[in-house]
Amino acid sequence: MSSSDMNIITVIGSGLIGRSWAMVFVSGGYSVKIYDNQPGQAAKAITEIRKQLEELEEAHMLRGELTATQQLALLSCYDDLAQALEGAFFVQECVFEHLDVKQSVFQDIDRLVGKDVILSSSTSCLVPSNVFSKVQNRSRCLVSHPVNPPYYVKLVELVPHPETAASVMDTTHSLMTKVDQVPVRLKKEIDGFALNRVQAAIIAESWRLVQDGIISVKDIDLVMSEGLGMRYAFLGPMETMHLNAPAGLEDYMKRYGEGIRRILTSFGPVPDFSGGEGAKSIVNEMCELIPSDLQHLSARIERRDQLLMGLAKLKKEH
Ligand SMILES: NC(=O)c1ccc[n+]([C@@H]2O[C@H](COP(=O)([O-])OP(=O)(O)OC[C@H]3O[C@@H](n4cnc5c(N)ncnc54)[C@H](O)[C@@H]3O)[C@@H](O)[C@H]2O)c1
Ligand SMILES: *[C@@H]1O[C@H](CO)[C@@H](O)[C@H](O)[C@H]1NC(C)=O
């Protein structure tokens with residue numbers, strides 16, 4: 001089979017994110033070959049995916065047009081990298097978040113695939129120019145950064161290496177759209193990409209407000225979940241502003257821009273998240289609400305995923 005058929009995708013690494021990508025790609029009708037360097041791990045992943053697909057079908061939350069059985073038939077597992085890559089037009093890497101591991105994985109893949117195959121990394125915290133520094137042809141490389149859990153949270157940040165070809169960004173954008181994810185393009189690489197930079201800003205100010213004795217841990221979370229978050233599931237900060245003044249964004253900035261600038265200049269320094277009494281007391285306050293043992297955390301994670309499933313359903317209807 002030649003890669004020009006464009007129906008086979010290889011997923012490298014079968015942990016949490018590798019399994020999620022495999023489920024997303026088979027939901028769009030692609031054949032997915034899963035590889036893991038731990039012998040037997042890829043096969044275990046398929047067993048786990050089978051269970052999840054059956055549960056999703058039962059809950060009427062299975063993505064795509066195919067049944068769970070049809071989607072499962074598109075999956076195969078490999079302990080051999082060369083075999084796993086045969087015939088693929090797109091490779092999604094999901095191994096440990098260690099620069100040297102990713103660099104050596106991509107060096108191996110680069111040697112084994114044809115020249116038109118796209119190499120995509122799931123990295124959350126590493127920039128493409130580092131991840132792909134050992135690849136010969138970097139024009140075919142990019143980061144496709146998912147959000148956990150990708151099955152319900154559809155955003156994918158496409159981040160180019162300085163040498164990435166425009167056609168590689170375009171093909172990946174179409175692929176992600178085809179499997180019903182929501183891709184966004186970064187025009188250049190930057191530490192944290194877009195999502196984690198915005199998230200870091202929110203974390204920093206929330207932390208400072210609690211540390212400075214302005215608000216409790218419980219209440220700052222409510223500010224987001226019952227306030228800003230209500231809008232943010234459907235509109236971003238730009239449209240929010242555009243709709244909040246009679247004549248749109250320009251009008252909004254005339255009315256509120258000065259106030260926003262004043263608040264911004266009062267923000268404190270970057271917090272010390274793990275040092276000192278301040279940090280300890282924030283952690284304690286959180287753990288009083290939700291103890292950090294496995295049982296309590298798993299229950300809350302289950303609840304989060306159920307809620308996200310409901311929200312995904314709601315968004316589909318709108
Ligand atoms: N977990 C998240 O919330 C999240 C969100 C977005 C992106 N990511 C990124 O996705 C990637 C994977 O994260 P995860 O949470 O799935 O990790 P994980 O630890 O669950 O899975 C990693 C898998 O990769 C395999 N592996 C390790 N080295 C390998 C190699 N050389 N070749 C083949 N397989 C190898 C491991 O055996 C394991 O099965 C990371 O880069 C992470 O930053 C994670
Ligand atoms: C490099 O990758 C691009 C994009 O996939 C491809 O078009 C080009 O032919 C490749 N060049 C070489 C020398 O392999």
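A polar contact is a pair of N or O atoms within 3.5 Å. Keep that cut-off in mind for the ligand views. The model shown here is predicted.

**Figure 1. Polar contacts join ligand 1 to Asp36, Asn37 and Glu97.**
Start with Asp36. A polar atom of the Asp36 side chain sits 2.7 Å from an oxygen atom of ligand 1. That distance is within the 3.5 Å cut-off, so the pair is a polar contact. Next comes Glu97. Here an N or O atom of the side chain is 2.5 Å from a ligand 1 oxygen atom. Asn37 reaches a nitrogen atom of ligand 1 instead, with a polar side-chain atom 3.3 Å away. How much of ligand 1 does the protein bury? On its own, ligand 1 exposes 840 Å², and the protein buries 79% of that area.

**Figure 2. A shell of 23 residues surrounds ligand 1.**
The closest residues are Ile17, Asp36, Glu97, Lys102 and Ser124. Sort the shell by class and you get 9 nonpolar, 11 polar and 3 charged residues. Which elements supply at least two residues each? They are helix H1 (16-27), helix H5 (99-112) and strand S6 (141-146). H5 gives the largest share of the shell, with 3 residues.

**Figure 3. Five named residues surround ligand 2: Lys115, Asp116, Asn137, Ser139 and Arg140.**
Of this shell, 2 residues are polar, 3 are charged and none is nonpolar. Look at Asn137 in this view. An N or O atom of the Asn137 side chain lies 2.3 Å from an oxygen atom of ligand 2. The side chain of Ser139 also places an N or O atom 3.2 Å from a ligand 2 oxygen atom. Lys115 uses its backbone: an N or O atom there is 3.3 Å from an oxygen atom of ligand 2. Taken alone, ligand 2 exposes 360 Å², of which the protein buries 55%.

**Figure 4. The chain divides into domain 1 and domain 2.**
Domain 1 runs over residues 3-185. Domain 2 is made of two stretches, 195-234 and 272-317. How far apart are the C-alpha centres of the two domains? They lie 29 Å apart. Where the domains meet, 12 residues of domain 1 are in contact with 8 residues of domain 2.

**Figure 5. UniProt annotates two spans of this chain.**
Both annotations come from an unreviewed entry. At residues 9-188, UniProt places the feature "domain: 3-hydroxyacyl-CoA dehydrogenase NAD binding". In the model, this span is 40% helix and 21% strand. The C-alpha atoms at the ends of residues 9-188 are 25 Å apart. The annotation "domain: 3-hydroxyacyl-CoA dehydrogenase C-terminal" covers residues 192-262. Residues 192-262 are 76% helix and 0% strand. The end C-alpha atoms of that stretch lie 26 Å apart.

**Figure 6. A cis peptide bond joins Asn148 and Pro149.**
Check the omega angle of this bond: it is about -10°. Where does Pro149 lie? Pro149 is in the loop between S6 and strand S7 (155-160).

**Figure 7. His60 has a positive phi.**
The phi angle of His60 is about 55°, although this residue is not a glycine. Find His60 in the loop between helix H2 (41-58) and helix H3 (68-73).

Methods:
Residues are numbered from 1 along each chain as its sequence is written. Chains are lettered from A and ligands numbered from 1 in the order in which they are written. This is a predicted model: local features need pLDDT of at least 70, side-chain atom pairs count only at pLDDT 80 or more; totals for chains, interfaces and linings use all residues. Side-chain values use heavy atoms; hydrogens and water are left out. A residue is near a molecule or strand if one of its heavy atoms lies within 4 Å of it. A polar contact is a pair of N or O atoms within 3.5 Å; within protein, one must be able to donate a hydrogen and the other to accept it, and residues adjacent in sequence count only if both atoms are side-chain atoms. Accessible areas come from the Shrake-Rupley method with a 1.4 Å probe; for residues, only the protein chains shown count as cover. Ala, Val, Leu, Ile, Met, Phe, Trp, Tyr, Cys and Pro count as nonpolar, Asp, Glu, Lys and Arg as charged, and the others, Gly among them, as polar. UniProt positions are given in the numbering used here, feature names are shortened, and annotations may be inferred rather than shown by experiment. Helices (H or I, at least four residues) and strands (E, at least two) are DSSP runs, numbered from the N terminus. Domain bounds come from an automatic or database domain assignment. Contact means heavy atoms within 4.5 Å.
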